[in-house]
Every structure is written in C-alpha cells, then in structure tokens.
Number of protein chains: 2
Amino acid sequence: MAILPNMNEVNARPHREYIAEQAKIFKALGHPSRLLMVQALRDGEKCVCDLQTLIGADMSTVSRHLAVLREAGVVRSEKRGTNIYYALALSCLDTFLHCTGTLIAERIREKASLLGGGERAS
Amino acid sequence: MAILPNMNEVNARPHREYIAEQAKIFKALGHPSRLLMVQALRDGEKCVCDLQTLIGADMSTVSRHLAVLREAGVVRSEKRGTNIYYALALSCLDTFLHCTGTLIAERIREKASLLGGGERAS
DNA sequence: GCAAAGCATGGCTATTTTGCCAAATATGAA
DNA sequence: TTCATATTTGGCAAAATAGCCATGCTTTGC
C-alpha cells in the first residue's frame, strides 16, 4: 500500500490527497510573480522586503504570494530579528526549472526566427 | 544576450516572456484533473475518451483541460482516424514528478504518523 | 512605556478559472 | 448522402484568484 511517485499501483482513482498536494505545488509556481520570486531564491534566501523590490507590488500582495508558496511547501520561512527570510524548500525544483527554462528559450528563439526569417507558420 | 535558464544575466527585471511561458507550464500542471491526465500519459499516449474515463467529467471539460496543457506545451496531440491521441511533450517532467511525488508521499506519511502516533503538532 | 519597521491578515472588487449544456466540426461507416 | 462517433467551441453561472487599502501583530530601538 505504499504511495509511489509513479503510482503504478493506482488505476482509475489514485490517491486524491496525493494528486491534490502535487497539483498545489504546480499551482503555486504557476504565477509570474511567484515564479520570479522562486527564481530569485535560487541564489539564496531573501527577506520579504527584497522580494517586494523584485516584484514591485504591494507588500500585502507579496506576502500573500509567499503564503501560497509556503503552504505548497515550495519555500520555507525563518524569522531572524525583525525580518522574515524565505528560502527554497524543494531541492529538485532547480533541475526542473533549468530544464523548462532551456525548453522555453528554444521556443522563444524559434518564434523569433519565424517572425524574422520570412518563414510561415503552418 | 542569450536567454539562459538560470537567468544569470538578469537582475531586477528578467525577460517577462520567459517567466510568463514558464509560469504557464506550472499553471497548466496545477489542477488535479490535468495533473492526473499527465500522470496517466507517463504510461504512453491516450485518446481523449480514455482520459475522460479517468477524470470522470464532461467530455467538454476534459477537452478544455487538454487545451490548457497543449497550449502550455506540456502535451502534444495527434489525430489518427476519428480519435485524437495525446502524449507528453515535456521530457524532464517525469523526473520532477517523481521527485515531488516522493516528497509528498513523505509529507503524507508524516501527517498520518502525527495523527496516529499521539504526537502534537507544534 | 511608546514609536517605527517588517510582515501578515481582513475585507473588498475586478478578473480569471471551472464545469456544465448545447451546438458546431470532422471523420468513418452504411 | 445520412448517421454515428469523437472532439472542440460558444455561452453561461459559480467559484477561485489577484491586488489593493486599511488594520493588526511582533520585534527593535528609544
């Protein structure tokens, strides 16, 4: 009855909780501001004020975004003095970000060459 | 001016298009039904009707979810005969799913042992 | 104690997402 | 052609999300 990552043992109705938790991670990463913050955190922990500067939104907005990431388990927070520092809590994320990043860079390059190279999209 | 996955060259304002595309991928994966379909596609391509059986929602709903995944570049579709077959288009996804899967399995186990083992949550 | 700085939360509105039904489209069979 | 099957799309209502302002909470400094 072990819960395996590839869910080999599950057929039509896999563990709902499992899927929901996993979807929560993706959903948390699925917003430009949150993804931007996560990308920034790859360089190391940052306080909320740093991330606010990065995003350029209201402090309350940034705080809510961070709450989403925290509740999904993507980041963790630690209070030191009057600041709260956020850090990545998902080690494998780095590899995946690199991978999707490469892919997207390719796509953007393709799109650019299609626009500039006189070729037609099918 | 190359667009690098880790965006070393970017400071306060990285390429918006890049971030938006990447967020789109995560957003697409951030819904239980869509994630469930993607998990199923790890075993190989499936037609929409297969996926409808899996999800148990209206065909139109399933079709819309697939459109989201397709537009994000997570899956690709191919028409053969009267069916349309969907397949994964993001090779690195498998590794990441395995990784987050392991993590979530741990979390669920922890939660279960906290509930059953008489320990208090802090 | 009081004020200020750093974050989080309540409350509100605008926007987006979801999911269903109905209708349109495309393909293969008769 | 006509019908049946497989899938997408239009349209709508309910639900969720995003972002702002104002307020509350906690820590530091005075």
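Which oxygen of DNA strand C is 2.7 Å from an N or O atom in the side chain of A:Tyr86? It's a phosphate oxygen. The views below start from that spot and move outward through this predicted model.

**View 1. A:Tyr86 and its companions meet DNA strand C.** The side chain of A:Tyr86 puts an N or O atom 2.7 Å from a phosphate oxygen of the strand. A:Ile84 joins in with its backbone: a polar atom there sits 3.4 Å from a phosphate oxygen of DNA strand C. A:Thr82 uses its side chain instead, with an N or O atom 3.3 Å from a sugar or linking oxygen of the strand. Look for the pieces that supply at least two residues each to this surface: from chain A they are helix H3 (48–55), H4 and strand E3 (83–88), and from chain B there is H4.

**View 2. Both protein chains surround DNA strand C.** There are 23 residues around this strand, and the nearest are A:Ser63, A:Arg64, A:Tyr86, B:Lys27 and B:His65. H4(A) hands over the largest share of the surface, 5 residues. Sort the surface by class and you get 7 nonpolar, 9 polar and 7 charged residues. On the DNA side, sugar or phosphate makes up 65% of the strand's atoms within 4 Å of the protein, and bases make up the rest.

**View 3. DNA strand D has its own set of neighbours.** Here, too, 23 residues gather around the strand, with A:Lys27, A:His65, B:Ser63, B:Arg64 and B:Tyr86 coming nearest. Sugar and phosphate provide 65% of the atoms of DNA strand D within 4 Å of the protein. The surface near DNA strand D holds 7 nonpolar, 9 polar and 7 charged residues. H4(B) gives the largest share of that surface, 5 residues.

**View 4. Phosphate oxygens of DNA strand D, one by one.** Start with A:His65, where a polar side-chain atom lies 2.5 Å from a phosphate oxygen of the strand. B:Tyr86 also reaches in with its side chain, placing an N or O atom 2.7 Å from a phosphate oxygen of DNA strand D. With A:Asp58 the backbone does the work: one of its polar atoms is 3.3 Å from a phosphate oxygen. Step back, and the elements giving two or more residues to the surface near DNA strand D are helix H4 (59–71) of chain A plus three from chain B, namely helix H3 (48–55), helix H4 (59–72) and strand E3 (83–88).

**View 5. Chain A sits against chain B.** Now leave the DNA and look at where the protein chains touch: 43 residues of chain A are in contact with 43 residues of chain B. Together the two chains bury about 4,000 Å², and 72% of that is on carbon and sulfur atoms. You'll find 0 salt bridges between chain A and chain B. Polar contacts do turn up between the two chains, in 4 residue pairs with both partners at pLDDT 80 or more. On the chain A side, helix H1 (16–29), helix H2 (32–41) and helix H5 (93–116) each give two or more residues. H5(A) contributes the largest share, 14 residues. By class, the side of chain A that touches chain B has 26 nonpolar, 11 polar and 6 charged residues.

**View 6. Turn one chain and it lands on the other.** A turn of 180 degrees with a shift of 0.0 Å along the axis lays chain A on chain B, with an RMSD of 0.1 Å. The two copies are therefore related as by a two-fold rotation axis. The contact surface fits this picture, as 100% of the contact residues of chain A recur in chain B, and the same surface serves both copies.

**View 7. A salt bridge inside chain A.** Across all chains, a search of the whole structure finds 8 salt bridges. One to zoom in on is between the side chains of A:Asp94 and A:Arg42, at 2.7 Å from N to O. A:Asp94 belongs to helix H5 of chain A, while A:Arg42 is in the loop between H2 and strand E1 (46–47) of chain A, so the pair ties together parts that are 52 residues apart in sequence.

Note on methods: Residues numbered from 1 in each chain as written. Chains lettered and ligands numbered in written order. Predicted model: local features only at pLDDT ≥ 70, side-chain atom pairs only at ≥ 80, totals over all residues. Heavy atoms only, no water. Near = heavy atom within 4 Å. Polar contact = N/O pair within 3.5 Å; in protein donor to acceptor, adjacent residues only side chain to side chain. Helix = DSSP H or I, 4+ residues; strand = E, 2+ residues; numbered from the N terminus. Nonpolar A, V, L, I, M, F, W, Y, C, P; charged D, E, K, R; others polar. Contact = heavy atoms within 4.5 Å. Buried area = accessible area lost by both parts, 1.4 Å probe. Salt bridge = Lys/Arg side-chain N within 4 Å of Asp/Glu carboxyl O. Least-squares fit on C-alpha atoms with pLDDT ≥ 70 in both.
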